[in-house]
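Here's a quick walk through a protein model, going from the overall build down to a few single residues. Have a look at the fold before reading on.

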Amino acid sequence: MKILVTGAAGMLAAEVVPMLLARGHEVVQTDINQRIPDIEALEVRDKAKVLEKIKKEKPDYVFHLAAETDVDLCEKDPDHAYIVNTLGTENIVVACKEFSSKLLYISTGAVFDGKKGIYDEFDNVNPVNIYGRSKLEGEKIVQDMLTEYFIIRAGWMVGGWDLDKKFVYKIVQQLKQGKKELVAVDDKKGTPTFTKDFSANLMNVINSGRFGLYHMANKGTCSRYDMALKIVEYMDLAGVVTVKPVSSAYFPLPAPRSSSEAIRNYKLDMLGLNNMPNWETSLAGYIKLNKDK
Ligand SMILES: NC(=O)c1ccc[n+]([C@@H]2O[C@H](COP(=O)([O-])OP(=O)(O)OC[C@H]3O[C@@H](n4cnc5c(N)ncnc54)[C@H](OP(=O)(O)O)[C@@H]3O)[C@@H](O)[C@H]2O)c1
């Protein structure tokens, strides 16, 4: 297949693009960030450029991974969040419709308010921050305008080691700097989603041809505190480094976070397509592979 990837310089694409190339797909990599020469410039906010590019390439699929993923920046600048995550997605959707490309849109467990605890695909959405809202509005546009699409919601993404702007690499950096006492929030739950596992299972879902909305995260749920404890253990620093649980009030941040963004892969379970490993197994493997870098 010919697949055009947006957000090709990002953390998830760093696993997805090599996986697609290894399987013999033709990949057109695009992003605003051209950190490697193979990536072509494509600003998803620019409707004319998006239409022009998709008209020229006529991909079988667009894997739309580009997004503003900085949750606090989204809260501080809602216009920016909606322009990139919602209207940018609309530009991609319009182009897919016009030029008959199928679409994969990656969404997030941040569409849920946390009150239920763990969410499946049939649960009601109610995002508590602008990032979640802007991604949810993107979902609605995909569902309203297309029939041949996959929307896949992921959890707390982990991957790419130093490309990871999120929690795991931040903790690793502190450990590498020799910190002996860490603090981590224990009142918010989520579902780690390793980009390697997500990537490995992605084409099973796409090739099923069973379009629709799915959750795809690793098995099990945890808090940041639970994750920090495991990172310390797998970095062979248990007993040397302590982790103190704190409430989220300890780290005042611009964007509210729901008490739980934890998702379960209910539809993949029912279809026999849930090959996602337990998060602890994947974290152990990820740290073992990367820790001496
Ligand atoms: N990270 C998570 O925990 C998480 C969880 C669930 C779902 N997701 C979703 O998964 C997808 C991939 O996320 P990720 O973690 O790989 O994010 P990422 O590392 O931030 O990658 C996103 C890429 O999109 C680029 N981008 C931003 N604005 C753009 C624009 N206007 N036009 C074109 N490219 C643009 C970014 O460039 P810059 O870096 O220069 O901004 C970055 O290279 C996103 O749709 C995200 O919403 C992420």
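What percentage of the 293 residues in the protein is buried? Buried residues make up 54% of them, where buried means under 20% relative accessible area, exposed means over 50%, and partly exposed is in between (1.4 Å probe, protein chains only).

A word on ground rules: this is a predicted model, so local features need pLDDT of at least 70 and side-chain atom pairs count only at pLDDT 80 or more, while totals for chains, interfaces and linings use all residues. Residues are numbered from 1 along each chain as its sequence is written, and side-chain values use heavy atoms, with hydrogens and water left out.

**Overall build**

The protein has ten helices and 15 strands; these are DSSP runs (helices H or I, at least four residues; strands E, at least two), numbered from the N terminus. Its radius of gyration is 19 Å, close to the 19 Å that the globule rule gives for 293 residues, so the protein is as compact as a globular protein of that length. That radius is taken over C-alpha atoms, and the rule is 2.2 Å times the number of residues to the power 0.38. Along the principal axes, the C-alpha trace spans about 60 × 40 × 40 Å.

Contact here means heavy atoms within 4.5 Å. Of the contacts with a separation of 6 or more, 80% come from residues 24 or more positions apart.

**Two domains**

The domain assignment, which is automatic or from a database, gives domain 1 (2-157 + 192-220 + 265-269) and domain 2 (164-189 + 221-261 + 277-290). Their C-alpha centres lie 26 Å apart, and 24 residues of domain 1 are in contact with 25 residues of domain 2.

**Zooming in on helices**

Two helix residues can be set side by side:

| Residue | Helix | Relative accessible area | Touches (beyond four places in sequence) |
|---|---|---|---|
| Q174 | α6 (residues 167-176) | 23%, partly exposed | K179 and L182 |
| E137 | α5 (residues 130-145) | 29%, partly exposed | Y82 and T86 |

E137 also gives a feel for the distances: its C-alpha atom is separated by 35 Å from that of A284, 147 residues apart along the chain.

Which residues of helix α8 (residues 224-234) are buried? They are Y225, M227, A228, I231, V232 and Y234. An α-helix has 3.6 residues a turn, so residues three or four places apart point the same way. After α8 comes D236, with a positive phi near 60°.
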